[in-house]
Amino acid sequence: MEPKLVLILRVVLAILYQEGGDRAESALQESASWGYDAFRYVTTRPREVTDGYGNSLGTTNMREETFNKLKEKYPEEFAGKQWALVADDDSLAVKAAAFNLKRIQEEWGGKAPDGLQENYTRDKYLAAGYNSETKFLDTYIPNEEFGPAAKGYINRFDISRQIASDDRWCIYMQVGRKSNSGRWLGNLLFIVVILGVASYCYARETPNSVARRHAEQTVIIGHERVYFESNCGNAGCSYEYMYLVGTGDGWVDKISGPGLTMGGRFSLGGPEPYNWGIKGKFDDGCHMTASPQDPTSKDLTKWDIDPADVQRLRAGDITAVRLGFVCGEG
C-alpha cells in the first residue's frame with residue numbers, strides 16, 4: 001500500500017465502522033444490508049431528479065459521483081469497476097474509501113484555513129471531507145468552520161475510531177460479509193417486507209434512540225466535545241456530552257441543534273458558580289439541559305483533554321459544560 005494510504009489507514013477504519021459497522025454482525029443484518037443497497041440503487045435516479053443527488057451504496061456509503069471521480073483520478077486502480085459493485089464487494093468499497101481519503105488529502109489538505117487547523121486534527125478534517133466534501137469550497141473554507149452536520153459526524157469520529165481499533169472488530173472485518181450461504185433466501189424475504197416495514201420502523205423510533213440522535217446533532221459552536229457518557233436505567237437512557245469553553249464567553253448563545261429552542265435559566269443548587277443551568281426543548285418534545293460543571297467533582301482522566309487544559313480547568317480559566325438529553329420517560 002502507498003505510504004499516504006498507510007498514514008490514513010486509521011481514518012479508513014473509523015469511517016468504515018461509522019458508515020457500515022452494523023451491516024453484518026448477523027446473517028439477518030447481512031441479508032438486510034444487501035436488500036437495503038438494492039433498494040437504494042433502484043431509487044437513486046428518481047432521487048437525483050428531486051434532490052439533485054443520488055443515494056450512496058455499500059459498507060462505506062459511497063455515491064456514484066464520488067466513485068466516478070476516483071475512476072478519473074486513479075484509472076489504473078479502478079479500471080473496469082462500476083459504482084454498483086461497491087454494494088456487494090467489500091474489498092472494493094474499502095479500497096474506494098481509502099483512495100477517496102487520499103484524494104481529499106491531496107486536493108483539500110493544503111487548503112485548510114487557520115481556523116480549521118486550530119480547532120480540528122487532520123484526521124477529523126479528512127472525516128468531514130468524506131462526509132460532505134462538496135461543502136469545502138462554498139462553506140467550510142470561507143467560514144473557517146464546519147457546519148452542524150459535519151460537526152456531528154466528526155464528534156462521533158473518535159468513538160468510531162476507538163471501536164474500530166478493537167481486535168474483535170478487526171477480526172470481523174476479515175471474515176464478515178464474505179459468505180453467501182443462505183443469503184439469497186434472506187435477500188428475497190427482506191425485499192418482500194422492506195417497503196411494508198419501513199414506515200413502521202420510522203414511526204417506532206424509541207425515545208432512547210431519538211435522545212441519542214439529538215445528542216449527536218447538538219453542538220456548542222466553535223468548541224470540541226471532550227467526554228461522552230450514557231446513563232441507562234429502568235426508566236430509560238439519558239445522554240450527555242462535556243465541552244470545554246472559555247469562562248464567561250457566552251456559550252449558552254452558541255448551543256445549536258436541529259429543532260432546538262432554548263428556554264430560561266434555572267437554579268440547580270450547590271456552590272457558586274455551578275448552581276445554574278439552562279433548558280432547551282426540541283420540536284418532538286425531547287428535552288436538553290446545559291450547565292457548567294464543577295471540575296473537582298469529575299474524573300478528568302476519562303476526558304479527552306491534555307494536562308495543560310486540566311490545570312486551566314482547575315484554575316477556572318476555562319469552564320466545563322454538560323449537555324444532557326432525555327426523551328420520553330428517560
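Let's start with the lining of the second largest pocket: by class, there are nine nonpolar, six polar and seven charged residues. Please keep in mind that this is a predicted model. The volume of the second largest pocket comes to about 660 Å³. Which residues sit closest to its centre? Of the 22 in the lining, they are K124, D158, R225, V226 and D304. If you have the structure open, those five make a good place to click.

As for the elements around this pocket, helix 10, helix 11 (157-164), strand 4 (225-233) and strand 5 (236-246) each give two or more residues to the lining. Helix 11 has the largest share, with five residues.

Now for the enclosed spaces. The structure holds two cavities of 30 Å³ or more, and I'd like to show you the second largest, with about 40 Å³ of space. Its lining consists of Y120, K151, I154, N155, H223 and E224. Sorted by class, that lining splits into two nonpolar, two polar and two charged residues.

Let me step back to the whole chain for a moment. The protein has 330 residues, and 43% of them are buried. It contains 15 helices and ten strands. If you take the contacts with a separation of 6 or more, 62% of them are between residues 24 or more positions apart.

On to the nonpolar cores. The largest one has 37 residues, and F67, F78 and F146 are those with the most contacts inside it. Which helices supply at least two residues each? They are helix 2 (9-20), helix 4 (64-73), helix 6 (90-108), helix 8 (122-132), helix 9 (135-143) and helix 10 (148-155). Helix 6 gives the most, with nine residues. You've met helix 10 already, in the lining of the second largest pocket.

Let's zoom in on F78. Setting aside neighbours within four places in sequence, F78 is in contact with F67, L70, K71, L92, K95, A96 and F99. Apart from this core lies another, of 22 residues, including A211, W251, L260 and C286.

My last stop is a run of three strands, and I'll take them in order. Strand 8 (residues 276-282) pairs with strand 9 in the antiparallel sense, over four bridges. Within that pairing, I278 stands opposite A290 in strand 9. The two strands form a hairpin with four residues between them, and G285 in the turn has a positive phi of about 95°.

Strand 9 (residues 287-293) also pairs with strand 10, again in the antiparallel sense, this time over seven bridges. Here M288 has F325 of strand 10 as its bridge partner, while T289 stands opposite G324, also in strand 10.

So how covered are these strands? Strand 9 is mostly covered, with five of its seven residues buried. And why is strand 10 described as largely enclosed by the rest of the structure? Because eight of the nine residues in strand 10 (residues 318-326) are buried. Buried here means under 20% relative accessible area. As a reminder for anyone looking at the screen, side chains in a regular strand alternate between the two faces of the sheet.

That's my tour, and I'm happy to go back to any part of it.

Notes: Residues numbered from 1 in each chain as written. Predicted model: local features only at pLDDT ≥ 70, side-chain atom pairs only at ≥ 80, totals over all residues. Heavy atoms only, no water. Core = buried A, V, L, I, M, F, W, Y, C linked by side-chain atoms within 4.5 Å. Buried < 20%, exposed > 50% of the residue type's maximum accessible area, 1.4 Å probe, protein only. Contact = heavy atoms within 4.5 Å. Pairing = 2+ DSSP bridges. 1 Å grid on protein atoms, 1.4 Å probe; cavity = no way out; pocket = protein on both sides within 12 Å on 5 of 7 lines; lining within 4 Å. Points joined across faces, edges and corners; volume = space filled by probe spheres on them. Nonpolar A, V, L, I, M, F, W, Y, C, P; charged D, E, K, R; others polar.
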